[in-house]
Amino acid sequence: MSLIMAIGPQNAHVLRMGLTRQHLVLTVVLCIATDIVLIAAGVYGFAAVGGLPDKVYGAFIGAGALFLGLYGSQAATRALHGWRHTPMASQPGHAAAVSQSAITRKQAIGTALAFSWLNPHAWLDTTVLVGTASLAYGSASHWFGWGAMAGSIAWFLLLGSCAYWLGARMHSSKLWVWLDAAIALMMWGLAGWLVWSLFR
């Protein structure tokens, strides 16, 4: 649960989709499905062979850094746009329009899958660490895997529900601006850290 609940790119994306009330159920379902696949791969596969090959892991690092950098730029653009139009969005109901733009179902699917599969931390934490931890349970390691899957399902359902509930109550345009700014900084920070890790 500590690995799943850590605030990272995937959780930040679910939070934003819930707050903007766009394709939330679809996003949560895709994140849960991905976690289940990664946990299963760790418990039944990668834990036995010792993790991902260096070249494959390096490729995920590069792709993940690029994706996080681009998503951070989008969040920064939304923040700047919202900041410039804050005076016009002082009335309730206008805040969401300032900070969000409608996305299609295909875009929602693509973004959710990218956050899930192009995130090196998801592979490291969910697959390698959970898979390795399962070895401590010996022949009962599959029960540990099922427990981790149940924890993932519970977390994403809770996060999505809370974000959806808060989304109906966030009527301040400034809150959306600061949220997008925080997301942009976090994405850029993670992207920079991933690039730096390639040269350590």
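Biologist: What is the relative accessible area of R21?
Modeller: This is a predicted model, in which local features need pLDDT of at least 70 and side-chain atom pairs count only at pLDDT 80 or more, while totals for chains, interfaces and linings use all residues. Residues are numbered from 1 along each chain as its sequence is written, and side-chain values use heavy atoms, with hydrogens and water left out. Buried means under 20% relative accessible area, exposed means over 50%, and partly exposed lies in between (1.4 Å probe, protein chains only). R21 counts as partly exposed, because its relative accessible area is 39%.

Biologist: Where is R21 found?
Modeller: Helices (H or I, at least four residues) and strands (E, at least two) are DSSP runs, numbered from the N terminus. R21 follows α2. Its place is the loop between α2 (9-20) and α3 (24-49).

Biologist: Which sign does the phi of R21 have, positive or negative?
Modeller: Most residues other than glycine have a negative phi. R21 is not a glycine, yet its phi, about 60°, is positive.

Biologist: And what is the phi of H23?
Modeller: H23 is found in the loop between α2 and α3, and it is partly exposed, with a relative accessible area of 27%. H23 is not a glycine either, but its phi is positive, at about 50°.

Biologist: How many of the 12 residues of α2 are buried?
Modeller: The end C-alpha atoms of α2 are 16 Å apart, which agrees with the 16 Å that its 12 residues should span at 1.5 Å a residue; the expected span is 1.5 Å times one less than the number of residues. The helix is mostly covered, and its buried residues include P9, Q10, H13 and M17. The count of buried residues in α2 is 11.

Biologist: Nice! Which residues does S116 touch, leaving out those up to four places away in sequence?
Modeller: S116 lies in helix α6 (residues 105-117), and it counts as buried because its relative accessibility is 0%. A contact means heavy atoms within 4.5 Å. By that rule, S116 touches Q10, C31, T34, L38 and A122.

Biologist: Which residue has its backbone oxygen 2.9 Å from a polar atom of the side chain of S116?
Modeller: A polar contact is a pair of N or O atoms within 3.5 Å; within protein, one must be able to donate a hydrogen and the other to accept it, and residues adjacent in sequence count only if both atoms are side-chain atoms. For the side chain of S116, the backbone oxygen at 2.9 Å belongs to A112.

Biologist: T34 was on that contact list, so how far is T34 from S152 in space, C-alpha to C-alpha?
Modeller: T34 sits in helix α3 and is buried, with a relative accessible area of 3%. Its side chain has a polar atom 2.9 Å from the backbone oxygen of L30. T34 and S152 are 118 residues apart in sequence, while in space their C-alpha distance is 10.0 Å.

Biologist: How many residues does α8 have?
Modeller: Helix α8 reaches 39 Å from its first C-alpha to its last, close to the 39 Å expected at 1.5 Å a residue. Among its buried residues are G145, S152, W155 and F156. The residue count of α8 is 27.

Biologist: Is W146 buried or exposed?
Modeller: W146 lies in helix α8 (residues 141-167). Because its relative accessibility is 52%, W146 counts as exposed.

Biologist: How many helices are there in the protein chain?
Modeller: From the N terminus on, the elements run α-α-α-α-α-α-α-α-α. There are zero strands, and the number of helices is nine.

Biologist: One last thing: what share of the 200 residues in the protein chain is buried?
Modeller: Among contacts between residues at least 6 apart in sequence, 87% join residues at least 24 apart. Accessible areas come from the Shrake-Rupley method with a 1.4 Å probe, and for residues only the protein chains shown count as cover. The chain's accessible surface comes to about 10500 Å², with 72% belonging to carbon and sulfur atoms. Of its 200 residues, the buried share is 44%.
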